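Got the viewer open and a cartoon view loaded? Let's walk through this one a selection at a time.

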Amino acid sequence: MGNRGQHRGRGLYTGHGVKLLDIALLTLLAESTSPKHGYALMGEVEERFGIELVHPQPLYRGLQTLEGRGLIVATGVVEETKGPPRVAYSVTELGRNVLSMWIDNLTNIIDAYQTTLKGGNDNETNVHEKR
């Protein structure tokens, strides 16, 4: 069955090995007007997307994955933090394009899900109206 929609101890997958955490990180970096470091992103991921990170390791692994795929780039080190210097990241043009594709794919998945919940009828009715 693959990784699609399964929790395997490493994050929720949306298919093709894309984690929801990766999408959240890329979204936050794409929306930002300045580079951000991982520790700053950690709180925003929970606040904006409801993804609770008990440990920062998955977040930093996600940043490494995104950087390895060329979707984000390390832009320097932020020294003015209370703790140690932190690497700051920005989204690349490729990252913006991939994020747009991921959002389109998720929108299609949500649309299909809503249609399934409605029994395939009346595509204009919002799924929440049936509750």
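Start by selecting Val73, which you'll find in strand β2. One thing to keep in mind while you click around: this is a predicted model. Is Val73 buried, exposed or something in between? Its relative accessible area is 37%, so Val73 counts as partly exposed, because the buried class stops under 20% and the exposed class begins over 50%.

Now show what surrounds Val73. Setting aside residues up to four places away in sequence, Val73 touches Glu67, Ala88, Tyr89, Ser90 and Thr92. Pick Thr92 from that group and draw a C-alpha to C-alpha distance: Val73 and Thr92 are 6.6 Å apart in space, with their positions 19 residues apart in sequence.

**The sheet**

Next, select β1, β2 and β3 together. The three strands make an open sheet, ordered β1-β3-β2, with antiparallel pairing. β1 and β2 are the edge strands, and each has a single partner, so one side of each has no neighbour in the sheet.

Go strand by strand from here. β2 covers residues 72–78, and six bridges tie it to β3, the two running antiparallel. To see where they line up, try Gly76, whose bridge partner in β3 is Ala88. Then try Ile72, which is partnered with Val91 in β3.

Over on the other edge, β1 is residues 36–37, joined to β3 by two bridges, again antiparallel. Select Lys36 here and look across to its bridge partner in β3, Tyr89.

How many of the six residues of β3 are buried? Five of them are, so the strand is largely enclosed by the rest of the structure.

**Helix α1**

Now bring in α1. α1 is mostly covered, with 10 of its 12 residues buried. The buried set is Leu21, Asp22, Ile23, Ala24, Leu25, Leu26, Thr27, Leu28, Leu29 and Ala30. Colour those and then turn on the surroundings: the buried residues of α1 pack against β1, α2 (38–49), α3, β2, β3 and α4.

If you like checking geometry, take the distance between the end C-alpha atoms of α1. They are 16 Å apart, which agrees with the 16 Å that 12 residues should span at 1.5 Å a residue.

**Where α1 meets α3**

Add α3 to the selection. The axes of α1 and α3 are 10 Å apart and the helices pack at an angle of about 70 degrees. That makes α1 roughly perpendicular to α3.

For the side chains involved, show Leu21, Asp22, Leu25, Leu26 and Leu29 on α1, which meet Pro58, Leu59, Gly62, Leu63 and Leu66 on α3. Sorted by class, this contact has eight nonpolar residues, one polar and one charged. As for the spacing you see along each helix, an α-helix has 3.6 residues a turn, so residues three or four places apart point the same way.

Zoom in on Pro58, which lies in α3. Its relative accessible area is 32%, so Pro58 is partly exposed. Leave out neighbours within four places in sequence, and Pro58 is in contact with Leu21 and Leu53. Another distance to draw is Pro58 to Asp22: they sit 36 residues apart in sequence and 9.7 Å apart in space, C-alpha to C-alpha.

**Helix α4**

Move on to α4, residues 93–117. This helix has 25 residues and reaches 36 Å from its first C-alpha to its last, close to the 36 Å expected at 1.5 Å a residue. Select Gly95, Val98, Leu99 and Trp102, which are buried. What do the buried residues of α4 pack against? Their partners are α1 (20–31), α3 (57–68) and β3 (86–91).

Following α4 is Gly119, with a positive phi near 75 degrees.

**Zoom out**

Finish with the whole chain in view. The protein has four helices and three strands, and from the N terminus on they run α-β-α-α-β-β-α. Colour by accessibility and you'll have 34% of the 131 residues in the buried class. For contacts with a separation of 6 or more, 43% are between residues 24 or more positions apart.

Technical notes:
Residues are numbered from 1 along each chain as its sequence is written. This is a predicted model: local features need pLDDT of at least 70, side-chain atom pairs count only at pLDDT 80 or more; totals for chains, interfaces and linings use all residues. Side-chain values use heavy atoms; hydrogens and water are left out. The expected span of a helix is 1.5 Å times one less than its number of residues. Buried means under 20% relative accessible area, exposed over 50%, partly exposed in between (1.4 Å probe, protein chains only). Contact means heavy atoms within 4.5 Å. Two strands pair if DSSP finds at least two bridges between them. Axes are lines fitted to C-alpha atoms, for helices over the stretch in contact, and angles run from 0 to 180 degrees between N-to-C directions. Angles under 35 degrees count as roughly parallel, over 145 as roughly antiparallel, 65 to 115 as roughly perpendicular and the rest as oblique. Ala, Val, Leu, Ile, Met, Phe, Trp, Tyr, Cys and Pro count as nonpolar, Asp, Glu, Lys and Arg as charged, and the others, Gly among them, as polar.
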